Structure formats: structure tokens, C-alpha cells
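Trainee: Can we go through some ring contacts together? I'd like to learn how the labels are earned.

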Amino acid sequence: MSLIENVMSAQPAPTEALLTLDKLTTHLGSETSPVRAVDEVSLNIQRGETFVLLGESGCGKSMIALSIMRLLPHSGRIVGGDIRLDGQSLRALSEAEMRSERGGRIGMIFQEPMTSLNPVMTVGEQVAEAVRLHDRESRGRIEERVVELFRAVGIPDPQRRTRDYPHQLSGGMKQRIMIAMALAGRPELLIADEPTTALDVTIQAQVLDLLKQLQRDTGMSIMLITHDLGVVAEMADRVGVMYAGQMMEINDVEGFFQNPVHPYSRKLFRSVPKAEKRHQGLDVIPGIVPSLNQAFDCCRFADRCEFAHDRCRTQLPPWRGKAQSGYRCHLAPEEVPESVAPALPTRHSQAAAGKALLDVRRLKVHFPIHKGVLRRVAGQVKAVDGVDLKIDSGCTVALVGESGCGKTTVGKAIIQLNRLTDGQILFDGDDLANVRGRRLRRLRREFQIIFQDPASSMNPRMLVEDIVAEGMIAQGIGGDRKQRRLLVERLLGQVGMQPAAADRYPHEFSGGQRQRIAIARALALEPRLIVCDEPTSALDVSVQAQVLNLLKELQAELGLSYLFITHNISVVAYLAHEVAVMYLGRIVEYGEVGKVLENPLHPYTAALLSAVPVPDPAHEREVIKLQGDMPSPIDPPTGCHFHPRCPHARAVCRERYPETIEVEPGRRVSCWLMSPQ
Amino acid sequence: MTAYIVRRMLYALPILLGVNALTFVLFFVVNSPDDMARMHLGNKRVTAEAVQAWKQEHGYEKPLLINHSAQGADMLTDTILYEKSLRLFLFDFGQSDSGRDISHDISQRMWPSLAIAVPTLLVGLAVNITFALLLAFFRASYLDFWGVVLCVAMMSISSLFYIIGGQFLVGKLLNLVPISGYDTGLHAWKFMVLPVVVGIVGSIGSGTRWYRTLFLEEIHRDYVRSARAKGLSEHWVLFRHVLRNALIPILTGVVVVLPLLFIGSLLTESFFGIPGLGSYTIDAINRQDFAIVRAMVFLGAVLYIIGLLLTDISYTMVDPRVRLD
Amino acid sequence: MAFQPVILWTDALIYLLLGLAAAMVWYTRRHEHLAAPWQRVARSRTGQAAMVVLLFYVVVGVLDTLHFNPKSGVDDQGEPIYSTEVLSLFDHIAGSLRTQREKTYSAPFATHLFSKENIEQPDGSMLRDYPRLIYGGAHLQLGDDSKLQDIALKALSGALKGGAVWLMLLIVICRANRDRLARLLGGRLRNPWHVGAWTAFGLALLLGALWELSAFYHVLGTDKVGEGVFFQSLKSIRTGLVIGTLTTLVMLPAAILLGIMAGYFRGWVDDVIQYLYTTLNSIPGVLLIAAAVLMMQIYMSNHEDDFNSVTERADLRLLFLCLILGVTSWTSLCRLLRGEALKLKELEYVQAARAFGVGNFRILLRHVLPNVMHIVLITIVLDFSGLVLAEAVLSYINIGVDPATNSWGNMINGARLELAREPVVWWSLLAAFVFMFTLVLAANLFSDVVRDAFDPRLRQQR
């Protein structure tokens, strides 16, 4: 491939780092009270290496990337420090010179492939623009070069795809196009800003794999920005940990995973949910990230650090070590003791084979598609197509699957926010499908829901008190105003909030706190079942730990049942008792969580699990690569829905949907491989 | 696509029926034909015979909804509802109250209307887009700031003053072109210049400001950032990426008014003495010629619905994401 | 009592509007998240200046709304008799401005009429010349060439008086605290109140000068029947404000209710409401207004006896115009709200409320309505200037307000016919232009500020 040779041959001996940041400082907002988004960050990236910037939301990691590219938002500006690419200061370049660097020596891809492409221009033309600009050698053979790039990023049928518009491609494909665009200028450095966060885990595995392969082929350096420790382990040569605009620790990946130095790094590791931690609480980082519109004269992590002492609160911590690896802390690593994870109340016990609280049978939710002159029903989106599910009281059942598999629709149908097309939802003996009006309204006390996005799950114009009390008023319980107020305060206490929170508005709280309030709201009616619809996927990992701990405590205390809808396997491993894996509207595998995760029987479950990056660089895993994307539920494949992507597909898989087989008590699989014939 | 268009046309029927019913109520129920006759004849001291004669002459003597004196289908058709209202569906506009054939008048008068309205729209569009692009390119600079201030000031001036000012300045002080009037054929141009220029100048304020907002909205989108990350220059980003996306709402906003151009502008035409449909309507209003007003209301509604349909179709042409079915 | 209060239809609605505004202010002050966007408005310099100008217009409009019948005498029993003439508090304040009428046109600051007439000389002979005005410059000696000097002096003294009033007002606002006053004028407060204060200063000087001068001259000339153009322009303010605000007020309930219902319930409710507004929208606005106004004219001319006075008839016509303008303008807001309700319905807090078993009506009231109110407010403010401009155009086509009502549209309409005259009668046009332009410009600037402050989408971009 000409792509490879060019860059390889142009490579000089690695004397200086490819990219050096020297005390880069970037401010946002007004001059008078700036937000110090990036505060004296120094790092360097060697040729051919992958440097991962790790940090939680708002820590300034994206601003570093945009500062390098000189693509800061209008209110942003670099106020100090230097950026050197191959020894040359990028800050000294004129705008025109900078343009030839952008997309030339430095390529960049973004988090949201959905919105990052121009919707009214063919993807081929968008890549061609970059080729025309930066690739002199390909002049006169632009089209060929575009097809070549498409092929390099693994787009099937590249010739034809160049004429497609972005909306005709899936998210993974769009991200590949973005990568092709970044590669057009044969970059020496590729900046990837959370390139897989918006993608499903099987697609994430494909994209990460592609990046690694491209790096091997071209020898470019990659600066990868992520919040996911699994991605770090998968990709990084070296890691930089950011916190509140500052670099806290830089280390090579082995060192970082074996022996993280900074207390913050350690905490991050300990707050990741895992199967092994099932019977203990997760470590949490108390408090919230400090506001960045102040100048710090102390350690900005001190307020949340359990080892902080006086010096931490009065002096700026120095950078210890070299630019290659080091950390910013007053304490030496040996001074930081191992902390102990909080214990969980252990009263929890699985209800012994009692009557199921919830029994969903052959649930179908179809959305009609209207077509033609008379708007006749021309087809059905089979969002949920025959789902069986049982939840015992005091149990957590996780519903796992990629976006578009119908898992949220199942949750909404169960709590009667969606009308079901067919099937039964037996809740403690009542068939919810047949209950309407007043009786349904009364029954609603028994099952509640917690949503994914804490920002939109509460009316911004209502006080927290009214939000929490809303259900009580609707159900006519909780007594008069005064008694309700007491109940609200008790509920807030139960989720670890101050009673005074009742008199404030939701926007005054952080994401994690808002999710607590949402839980208090759901608890207000003393439900027996709570549907948790991705309740932690919008949260940072340390905050996620707080919410997961809370959910576990409440279950032990109140005997709640959860239907936990998620795509995050590690949360499932930590929290769930049983797991159901969904693919295209149907459950393909069901069973006890330990057995399913350790020994997946369905090829889709196996592929899904293998694609999850494990936060351990030593972990050798074999990713089962799936071809293509999940098909549309309007027109599912004949036979087994999974057969077009299945590595083990046989003739029979193309013809008939497999029966559900109970391989052992409580373990069901729908796959021809498991079938006795 | 075809199915969509057919469905939309079917959907238009109840709307036109609604418009028809509304005008019927307005013109014949709120005030009876007797009231109209009395007003035309000069209100006070009008004899019943005179009223009857006037109604006879203009075809308003029939019953409103059901003609009990007629037989069979005529019971329904020999009524004002059918003769004066439902006939409109056949584009049979009948006669004006002064006895002229409305359909003929319309076919004659739409051409001067178009001659003024089309250049005003197209040149105005070009001018506004140019100015808006200029402001968007220099966004957050002094040029942008004062440009917007000028736009706001210009849109705070009543269109009446643009017309009066234009006539006064160009026609009276500078004596460049005639103030008002119209001519057939190629000689019409000197009568067209002033109304067109005034129309364009009057639209600059709001047009430029609105388009600028559209451009700025696009400039903040993610794909523009990716375009810049490719190393594209700012004007390339603006022309190739932002303009094409912002043109979608602009063009579709223009398409919806295209059919209505036939009707012309009431104000401009009456001020400049253009014998188009706009001044036709104004004259009808001033003479209280209801037959014409009714016809124009119906025609306007039909054209509006056509405009909506054209908008949808034009979306499919400029936006690859939109498909009709 | 020296007068008998009169409440016309539009007066009642204005009182309702003022009441609503007061209630809104009271409610907003107690809710911090509602007050926050207004804080942003107050923090804008443009907003401050525009608010002061608008405030002046509103004060004149409200003064002109307090109507009464003056006492004209006493009957045999000593009971007062009230004239049928309807005056407003503003008429009363304006005093001589209203009553000092000339015969016909005269230019601003003129001492003579605009056209020649036959004047009878003391010796009985007839002379064709420009006759002396009855009031305009009557204090000047004939042949006196000190007119300019006189004007300058009077303007200066008026401006000084205006400035004094301004200072007194500020002292009252600052509760006679010198330090507070200095900080206010020096712009050392958190909000740029000084911009508002200095705008008010300019306005006070200008008005003071004009007021002083108008006692001796017709500062903006007189119209065809000799009425002062300055007075007409001021009287037109109320008409402009009524059209700009009441139109929105009357269409608001329908637009809000139907809009959010269509978006929230979907199904046949949505179909019916969409049909309704598409139908109304498909009729070109001017034509619908024309048709409705024509019908109303016929109705009124056929039922003349139903109206007590010309004032009342003109008032009803004004109200009707607001109604019909409202009918043509509610559709766009309705569509906007429908779209927003569609989005809100899918939001998680509405879903959560449904999961609690909260009733639909309560969801609309508690969750949907409060979260579309910013759109309603932005629309009200944005529509205002358009409606003021529309009034002028409609009056010009004779389908606007009653010819007896003072309005800028009627002023333009009257003056337009005299444009062909040589020399041109320009002052009515200029006056209408200046008054309208100032109001609409202030409203446009204010609406920009309000939109920036209230639209969450715009704020994110900054």
C-alpha cells in the first residue's frame, strides 16, 4: 500500500517527540472570569506511539485536542504554553500555515460520527476534499485515492459507497469515513476524541481494531481521548490522567494498570464495577469536581481525596518525575495506603423460588408503518417480537443488548408507557395488558422507572420537593402537604441527600445527585419493581459507582426488584442476578449472570462479551469479529435473525428461527447450535 | 412519491372546502345579500324594490342553501351556495359586482403582477444571501455588529415609507423614472425598475438578518468543525458546506411563496399604479366588490396549497435525507 | 365629581393586560428560575435603552386609556351633568395641545398658514396672502425676526425643566441617597442601569423642550383640519400599542391550548387542530382581514343605532381589528407550540409523570405549559413590532382602524394625498415616521434581547 511506504520512508530517527505540549493553558469564556479548561498541561507523544488522555467529563481533555488543532470554540483561547509538532511551534504558525497542518500532518476524528459529516454532501466528496487539499501525489487520481482510503478503513464495496450520503450509513461506517478523511493527508499524528463512545461495543471493537491496524501500517502516532479504562488497556502505550484541567499522572500502560500512583487514578480503578466485587460496595469518590472558574492555590483533588492533609489544602502539588512519566501529588506512592472498599449490607438474599413478581409472556410491541395514498399499514417495525421474561421479587434481571435491539421498548411496555401489540404482562397476578383506567392508575404505584438522562428526567421548572412528591399527589397518598414534606425529606435522606435539597431546582445538582433524586422520586410510591433504563450510562465512572451502590443498598433494604436495561457488561456482572441478551427484538440467551458471562452459549452473546474491552492490558482476549451492523427491525432476516453476522451459521439458520431450548434449569438459548438435532 | 402527491391533493380538498365555507359564512350569513344591496345603493331610504332589483341584477336573489321552489337537483344547485361559492371549485369565478368577467380579468392582470414580483423575489434573494454571507463571514466583528444594527433599523421602517421615499427621491427629486404607471411589452421596464428596487430595499433588513441567523446556526454544527479539521479554508467551509445546508430552509421558504407571486403585492401595485392582481384586489376592496374578493381568497388558498406541495417536493430535491412516502 | 369614568372595550382589555403583567411580575420575582432570564435582559445595554423608550410609549398609552366624560354643567337639583364627549387623562394633560386648532395646514414652527387665502384688511380691501395663525407663534410681534432666538430660548428652558424632572425622579428612585445615585449614573452597578438612566435623560431633555415649545408653536405643524400633528402623533401611540399587544392577548388562549393539545394528544385531536390552522393559514392574511373588515363595515353601517358615540364605534372597530389580526396570526404560534409539545411529550420527565399515573390535564398544566412559556413570551415580543407596522399598511388600504381614530396609518394615509402638492406637505409623514420608527426600533431591539435571554438554544451557542 502506497499509504504505508510514504510515511514510513519519511520517518527520521526518533530524536525528539512528535508532539510536545509545554505548559499549555487554555481558557474559555470571558476575560474577567475565565473557565480554566486546560491548566499548564505538559506532555509529549513519541512517533508511532499511542498516548491516551484519560479523564472524566469536563476535565479538559477535549480542549487539549481542540487547542492543538486551533479549533477552539469562539470563546476559547490559548493563553499560555507552547505546542510543538516535530520541534516546530504550532502557535507561531499563521492561520494559512495552520490550515495545511490541520488534516495534513495532524488528523482528527470526533465523538459524534452521526453529526460530524455534512448531511448534504456525498461521503466520497467529503473525503475527496481532504485528498485534494493535502495529497499532492494523488492529484489527477483523486477518485482512485478516495476508493483506496475507503478500502483502507474497511468499508465494503467502496466504489459504490463513495456516492452515498451520510444518512445512508450506520454509525460505525460514518466513523470509518471520518477516519478515512483524517488519513487523507497521511497524518503523522491522529487525534481521536472519544471515537467510540457513541458506538455499540461490537462496533467499538471494530473501530479500535481498525485504528490499531492503521497505526501498524502507517506508523502514525495516535492521541486517543477516552473515559473508559477498558479502552485504555486495549489501546494505550502511555496514559495521561486528567483531572479538573490538570494532568495528574503520566505513566506507561503496564505501570499504570499495575501500580497507579495518584490517589485519583487509584480511585478510578476501584470504582469500576466487576463481577469479583459483587458482594462488596464499589469505591466511590465523594463530592464533585471543583468549578474551574477559579485559580487554584492548592491541590484541586484535595476535597475529594481521603489521604489529603494540610499541605494538600494550602500548596499546589509539584510535578514529580519526568515528562515521560510522573505524577502531581504531595504524597509519594508509598505514603498512599490501600483503601478498603465500603461494605454492603448483606441481608440480601435471593427470594427462594417464590412466585415471580413479574412474568412477561410473548410480549410483542410493533409500530405500524403507513404507506400509500390511504396511509394503509404497509409494514411493522417489530421493536419487540415475542419476549419472555420473569423477575422474582428482590431480584435484578439485566436486559442487555446493543442500541436498537428493543430493550428500552420492553421496559416501557412493562410499565405501560407503550401499548403492547400482543402478549401478557403478569404483575403479581394481574395482566397489565388488560387493565385500564382507574385500576391501572392505582397499580402504577407498584412499578416505577428511572431514566438514563438525569438532565431531562426532571422538569426544570419544578422544585425537588414537588418532583419527588408528584407521584404521591397523583396517587392521593402521603397525607397533607406537611406530612408529604416530611416523607420527601425522609426519601432524600434515604438516597443520601440533604433535606434542604427539597427547596432547590434540579439544575443546581450534578448528574449523579440528580440521578439520586430520580431514585427518590421512584421510591416515593414504595414500588416493588423498578425499571432502570440505562441509569448510569450518562454518568462518569466514579459517580456511576455511587448510584450502583445505592441501588444495591436499596434492594437489600427494601427487597426491590430491578429490571436493569443496559449495554454495559461490567455493570451487569456487578449488579444483576440474571441476564437476558436481546438481539433484534428477541431474547437470544437467558440465564444466571455468572454462567452466561463465563460461558456464553449463543454466538451473539459470545461476540458481545468478547468485544468489551477489559481494563487490564495483560488480558489477552480474542475478539470475535462480527460482520456489518444489526439489521433493521422493519425487515428482519429470515430464519435466525443473527445468521447474516454469525460465524457459525448453517443452512438451517437461514430458514427457520430456532426454538428456545432450556439447556439447564433457568438457562435458555435460542440457537440451532444448541439444538439436539 | 406519486402516492404522496395524490394524498396531498386529496388532503387539499377538505381545506378548500373549509376556506369556501368560511367565506360563505362571512359574505352571506354575517350580512345578508339585502345588507349588501342596501350598502351599495347608499344605505338610507332605499326601497325594497331597489334592493330586489340590485339582487336580481347581480344574481343574489336566490335562497342561500336550499331552493324550495326548485325541483330535484336544482334544489341544491339553484342557490347562492352553489352558484357563488361551490362554483369556485371549477375555477368558475363568475362576474364581478360591476359586471366584468373575473376569470378574464385575472388572466389579464396576473402578468404585470408577475413582472414585478418575480424580479423582486429573485434579485432580493440574491442580495440578501450575499449580505448575510458577508455578515456571517465577518461574524463577531464590527462589520457584523453594525450590519445587524442596520438590518434592525431597516426592518423597523414601515414598507409605506420605502415606497413613499422611493417615489419621492427617484421620481420627484431625481426624475429618473416615472413614479407610477405601466406599459405593455418591453417598454414596461422603466415602470418596473422603481417598484422592484423599492421592494428589494424594503426586504433587506429582515431578509439579511434572518439568513444570517440561519448561516450562524449551521456554522456551529459538528460537521463544520470536521470540515475545518480537514484544513479547509474559512471561505471554502462557508461556501461549500454552510451555504449548501443553510440554503435548504431558504429555498423551501421561497418555494412556498412562489405560487402566490401571481397575486402580486397589494401595496406596491396600488402605489405604483401597476395593473396587476394586487391593485385589482385593492380596487375591489375599496369598491366593496365582494365577488372579486371571494374569488381572490379562493385563488389565494389554492395557490398556497400548491406552494406547500411544491415545498415538500423541493425538499426531496435539495435534501438527500428527505424522502416522501 | 368633576368627571364620570368611562371604560371602553379596549380599555377593559388593557386593564386586564396590565393586571396580567403585574401578576406575572409578582410571580416571577418569587421564582428564581423565572427571574433569571429577566436578569439577563436587564444586563443588556441595548435592552436597557430600549426598555426606557418603550416605557415612555407605555406611559403615554396608559394615560390615554383612562377615559372619562367631563362635567359640563349642573342640572336643577344640583346634580352634575356630564358631557357625552369621551376624553382621556392624556387629553386632559395635553390641554391646549388638543384645543388649539388652526384652520388648515401649517408647517412646523410656522406663524402663517400654508396656503394663501383672501384676508380682509382693516380698511375693507381684500388681500390674498398667507394668513396669520391663531395660536402658532401668536406671542410674536408681526414682522418680528426673533423667531429663531425665541425658539432656541424656549427649547433650552424646556430642556432644563425636563432635566430637572429627570433628576428628581432619579433621586426618588435612589431614595435620596447620594452615593447610590453616583453609582447608578457612573455605571458601577451590576446591571448597566446607567444606560437606561442616560437614555431617560436624553428623552427628558427632548420631551421637555418639545412640551415647552408646543405651548407657543405647532412643533410638528398642523394637518388639513388644523389639528396639531404633534398631538396626533402622541394620540396614535395608544392605537399602536393596542394593536401590538391586544392582538396577541386575544389569540393567546386559543394558540396555547390548541397547540399543546395537538402536540400532546396526537391522533384525531391533532388532525382536527392541524386542519383548522392549515385552512386559516391558506387564506392570504390581507385578504382574510379585508373580507372580515368589509363585512364588519357593512354590519356597522347597517346597525348605526347600536352605538352610543363615535368614540365607542371607533373603539369597537379597533377591537375587531385586533380580533381579526389575532385570527390570522395565532396559527404560527400554534404550530410552534405543537412542535414543542411533541418534543416535550417524549421527554423523560413527562414519561415519568405518566408512570406515576398523573392525569393528562395535570401533565399539560404542570409539565408542558411551563416549559413552552418562553416560546410564548418570545412570540409576543417578536410579533409586537410586526403588528404595529401592519396597522399602518391596513389603514392605508382602508381596512384598518376607523378613520376617526388617531393612528399613524391614518396620518400617513391623509398626508400621502398631499405629496403631489408643491411645496410638499411633509410634516405629517415625518412625524408618523419618527414616532413609528422609534417604537418599532425599540421593540425590535428589545425583542432581540428577550430572545437571546430566553431561548436556551441560542444561549448554548455562545
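Mentor: Sure, and keep in mind that this is a predicted model. Let's start with A:Tyr243 and A:Tyr264, which are both buried.

Trainee: What makes A:Tyr243 and A:Tyr264 an aromatic pair, and why is the pair called tilted?

Mentor: Their ring centres are 4.7 Å apart, and rings pair if the centres lie within 6.5 Å. The planes are 55 degrees apart; under 30 would count as stacked and over 60 as edge-to-face, so tilted is what remains.

Trainee: How do you know that this pair links distant parts of the chain?

Mentor: A:Tyr243 lies in strand S9 and A:Tyr264 in helix H11, 21 residues apart. Ring pairs also join these two with A:Phe301 in a cluster.

Trainee: Why is the pair of A:Tyr604 and A:Phe642 called edge-to-face?

Mentor: Their planes stand at 70 degrees, with the centres 5.2 Å apart. Edge-to-face needs over 60 degrees, so the label fits.

Trainee: And what does that pair tie together?

Mentor: Parts that are 38 residues apart in sequence, because A:Tyr604 is in helix H21 and A:Phe642 is in the loop between H21 and helix H22. Both A:Tyr604 and A:Phe642 are buried.

Trainee: How do you know where the charged end of A:Arg668 sits?

Mentor: That charged end is over the ring of A:Tyr590, 4.6 Å from its centre, and the distance cut-off is within 6 Å. B:Arg294 has its charged end over the ring of B:Phe27, at 5.9 Å from the centre.

How values were computed: Residues numbered from 1 in each chain as written. Chains lettered and ligands numbered in written order. Predicted model: local features only at pLDDT ≥ 70, side-chain atom pairs only at ≥ 80, totals over all residues. Heavy atoms only, no water. Phe/Tyr/Trp six-rings, centres within 6.5 Å; stacked < 30°, edge-to-face > 60°. Helix = DSSP H or I, 4+ residues; strand = E, 2+ residues; numbered from the N terminus. Buried < 20%, exposed > 50% of the residue type's maximum accessible area, 1.4 Å probe, protein only. Lys NZ or Arg CZ within 6 Å of the ring centre and 35° of its normal.
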